[in-house]
Amino acid sequence: MNWTANLETDDAQIQCGLIESQGLPSHVAIIMDGNGRWAKSKNIPRLLGHREGIESVRDIVKACSQLGVNFLTLYAFSIENWKRPKNEIKGLMKLLEIFLQDEISELDENNVRLAVIGRTSSLPQSVRSILQNSIERTKNNTGLTLTLALSYGSRWDIVRASQLIAMDVRAGNLSPEDISEETFSNYLQTKDMPDPDLLIRTSGEFRVSNFLLWEIAYGEIYISKKLWPKFRRNDLYEALSNYIGRERRFGMTSDQLTSNPKTDTLKTGKETEGNNGYLKKIISAFGKY
Ligand code: FPP
């Protein structure tokens, strides 16, 4: 199914407003939290919460792709999640396999490139193999890059990068004086993506839970009260319009941003007259929900 050909009128109107603001983030990262609580509130097994969470994944991936977001990174399984009950882990791995089996054709058809970060050697062979095939199949796609963080922990990645750097220094390929922030970033698993502009966390928790710690240094954080299985495209639009309305200063002052044309590329939609019009349009479209 071609995603761009299937937009409801209201949806298209909101998406147009967001796109025309020219302030959309290039990289959105999401901590998908609250599947368990959603299931508990319905008195059903936790795994059914994760299954419903996949419906949100489908909707958010599709909406990001339609909006032209370049990178979407989803925290699907943390290194700490291995401590969960065996049955839940087994169920989550099965769901992941089913998701990839069911969705890969549609993702490919819609130009989505799949990627993964994390200690994937810990994943079951069946998941590793389907992941490998899916990544290979979509590697030349040029649309949204959908990165799944699986068995991922930011501290793990930072330690791993430090080890690789130390090995390169020992081998004489790198001198300690040449280690800059950029060099360090190039040893992280996230080296091929820009830092996230926007980090969304659902379920109302104010934590970053060992997710992209280095990469979110200047990321904007948005907390949604919605539990992940209830978080759908309209909630994403709300997060995006909130992001568009923020001023990103990257350590500078507000005056510096408005007076120095060289910093224009760092700015979001807030500062320009035109974007205020689009923001109004987006906000009035929200009135319908
Ligand atoms: C956190 O909710 C969520 C997870 C640990 C797993 C997220 C997985 C999915 C949404 C499904 C699989 C993903 C993909 C990309 C196919 P929680 O269980 O910690 O919820 P709680 O805090 O309410 O208990």
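The residues that form the shell around the ligand divide into 10 nonpolar, six polar and two charged. This shell belongs to a predicted model, and it is a convenient place to start.

In total, 18 residues surround the ligand, and the closest of them are Asn 35, Gly 36, Arg 37, Gly 53 and Phe 99. Four elements give two or more residues each to the shell: α2 (35–41), α3 (46–67), β2 (71–78) and α4 (86–109). Of the elements, α3 gives the most, with four residues.

Next comes the chain as a whole. Its secondary structure comes to 10 helices and six strands. The chain has 289 residues, of which 34% are buried. Among contacts with a separation of 6 or more, 75% are between residues 24 or more positions apart.

Two of the elements around the ligand, α3 and α4, also pack against each other. The angle between α3 and α4 is about 25°, and their axes are 10 Å apart. Angles under 35 degrees count as roughly parallel, and α3 and α4 are therefore roughly parallel to each other. Their crossing is right-handed. On the α3 side, the residues that meet α4 are Arg 46, Leu 47, His 50, Arg 51 and Ile 54. On the α4 side, the partners are Glu 88, Gly 91, Leu 92, Leu 95 and Phe 99. By type, the residues of this contact divide into five nonpolar, two polar and three charged. Phe 99 thus appears in two places: it is listed among the closest residues to the ligand, and it is part of the contact of α4 with α3.

Helix α4 has another packing partner, helix α5, which covers residues 125–138. Here the angle is about 15°, with the axes 10 Å apart. By the cut-off used above, α4 and α5 are therefore roughly parallel to each other. The crossing of α4 and α5 is left-handed, whereas that of α3 and α4 is right-handed. From α4, the contact is made by Met 93, Leu 96, Glu 97, Leu 100, Gln 101, Ile 104, Leu 107 and Asp 108. From α5, the contact is made by Ser 126, Val 127, Ile 130, Leu 131, Ser 134, Arg 137 and Thr 138. The residues of the contact of α4 with α5 divide into eight nonpolar, four polar and three charged.

Helix α4 therefore ties these parts of the description together, as α4 is roughly parallel to α3 and roughly parallel to α5. It also gives two or more residues to the shell around the ligand.

Key. Residues are numbered from 1 along each chain as its sequence is written. This is a predicted model: local features need pLDDT of at least 70, side-chain atom pairs count only at pLDDT 80 or more; totals for chains, interfaces and linings use all residues. A residue is near a molecule or strand if its C-beta atom, placed from the backbone, lies within 6 Å of it. Ala, Val, Leu, Ile, Met, Phe, Trp, Tyr, Cys and Pro count as nonpolar, Asp, Glu, Lys and Arg as charged, and the others, Gly among them, as polar. Axes are lines fitted to C-alpha atoms, for helices over the stretch in contact, and angles run from 0 to 180 degrees between N-to-C directions. Angles under 35 degrees count as roughly parallel, over 145 as roughly antiparallel, 65 to 115 as roughly perpendicular and the rest as oblique. A crossing is left-handed if the near helix is turned anticlockwise from the far one by less than a right angle, and right-handed if clockwise. Two residues are in contact if their C-beta atoms, placed from the backbone, lie within 7 Å. A residue is buried if 20 or more other C-beta atoms lie within 10 Å of its own, exposed if 12 or fewer, and partly exposed in between; C-beta atoms are placed from the backbone.
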